[in-house]
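Open the model in your viewer and keep the sequence panel beside it. We will go from stop to stop, with something to select at each one.

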Amino acid sequence: MSDASLLEATVRTEFGKGAARRTRRDGNVPAVLYGHGEAPKHLSLNAQAFAAILREHGTNAVLNLEIDGTKQLALTKSVVVHPIRRYIEHADLLIVRRGEKVAADVNITLTGEAASGTLVTQETTTVSIEADALNIPTSLEVSIEGIAAGTQITAGEIVLPRGVQLAVAAETLVVNIIAAPTAEAMEAEGGEAPAAESAEGEAE
């Protein structure tokens, strides 16, 4: 993303579960802003506007918060979503400054089709990176087009955008491509257990 998304925020003066529920009932998300040695600020964000920013920019969205007339850049560090009703329950925001490098976990997207007769296992769905706060990629693509069985793709092989650095071991396994089992092998495997049981029954 090239710039931060503008979002108005108000300072919360009530705390606790009851206050958080009231904030959500009013169509807002309770959030905490912290970092750079400053005292944490308890904020209220418009739920619809915040959700729209997350849909457009992903979970590492950088916000240009307007708090009582003062602007503050913040990185979305964590978002808690209700497991059933799917509304945003709470958000943690980290104070950032222009030009500052931050750590973030970015989703890995597989593209293409591996060679015929292969089985693709994605060992990890995210990778940790370091990047300018305003240029965190929304996702990283890994092509598996035509890749043969026996191939492994590690984090160090992911093509990173300019200015983005890997923050995990280069040898971290991302994708493992193996030969898919044949129908005959699967049938044979499925037939072994009944045969063993039959043999045991005869022995008894």
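Select A47 and show its neighbours: leaving aside residues up to four places away in sequence, A47 touches G27, N28 and V29, where contact means heavy atoms within 4.5 Å. A47 and G27 are 20 residues apart in sequence, yet their C-alpha atoms are 5.7 Å apart in space. A47 belongs to helix 2 (residues 47–57); helices here are DSSP runs of H or I with at least four residues, strands are runs of E with at least two, and both are numbered from the N terminus. With a relative accessible area of 24%, A47 is partly exposed. On this scale buried means under 20%, exposed means over 50% and partly exposed lies in between, using a 1.4 Å probe and protein chains only.

A word on what you are viewing: this is a predicted model, in which local features need pLDDT of at least 70 and side-chain atom pairs count only at pLDDT 80 or more, while totals for chains, interfaces and linings use all residues. Residues are numbered from 1 along each chain as its sequence is written, and side-chain values use heavy atoms, with hydrogens and water left out.

**Helix 1**

Stay with G27, which follows helix 1 and has a positive phi near 85 degrees. Now select helix 1 itself, residues 17–25, and colour A19, A20 and T23, which are buried. Why do they share a side of helix 1? They cover an arc of only 100 degrees around the axis, which puts them on the same side; the arc is that of the directions from the helix axis to the C-beta atoms. As background, an α-helix has 3.6 residues a turn, so residues three or four places apart point the same way. Add strand 2 (28–35) and strand 3 (38–46), which are among the elements covering the buried residues of helix 1. Then rotate to the face turned away from the buried side, where you will find the exposed residues K17 and R25.

**Strand 4 and its partners**

Next, select strand 4, residues 62–67: five of its six residues are buried. Strand 1 (residues 5–11) runs parallel to strand 4, and five bridges join them; two strands pair if DSSP finds at least two bridges between them. Pick L6 and look across to N64 in strand 4, which stands opposite. N64 also has a bridge partner in strand 5, namely L73. Strand 4 and strand 5 pair in the antiparallel sense over six bridges. Their hairpin has two residues between the strands, and there D68 takes a positive phi near 50 degrees.

**Strand 10, face by face**

Which residues of strand 10 are buried? Show its side chains: L140 and V142 point to one face and are buried, while S139, E141 and S143 point to the other and are not. Strand 7 runs parallel to strand 10, joined to it by five bridges. Among these strands' residues, L110 stands opposite V142.

**The nonpolar cores**

Now select V96, I129, I136 and I144, the residues with the most contacts inside the largest nonpolar core, which has 26 residues. Such a core is a set of buried Ala, Val, Leu, Ile, Met, Phe, Trp, Tyr and Cys residues joined through side-chain atoms within 4.5 Å. Strand 5 (70–81), strand 7 (101–111), strand 9 (126–132), strand 10 (139–143) and strand 13 each supply at least two residues of this core. Strand 7 gives the largest share, four residues. Apart from this core lies another, of 20 residues, including V29, L33, A74 and A91.

Zoom in on I144: not counting residues up to four places away in sequence, I144 touches T111, G112, E113, A114, V120, I153, V175 and I177.

**A three-stranded sheet**

For the next stop, select strands 8, 13 and 11, which form an open sheet in the order 8-13-11 with antiparallel pairing. At its edges are strand 8 (118–122) and strand 11 (151–154), each pairing on one side only. Five bridges join strand 8 to strand 13 (residues 173–179), and T118 has A179 as its bridge partner in strand 13.

**Zooming out**

Finally, show the whole chain: its secondary structure comes to three helices and 13 strands. Of its 204 residues, 33% count as buried.
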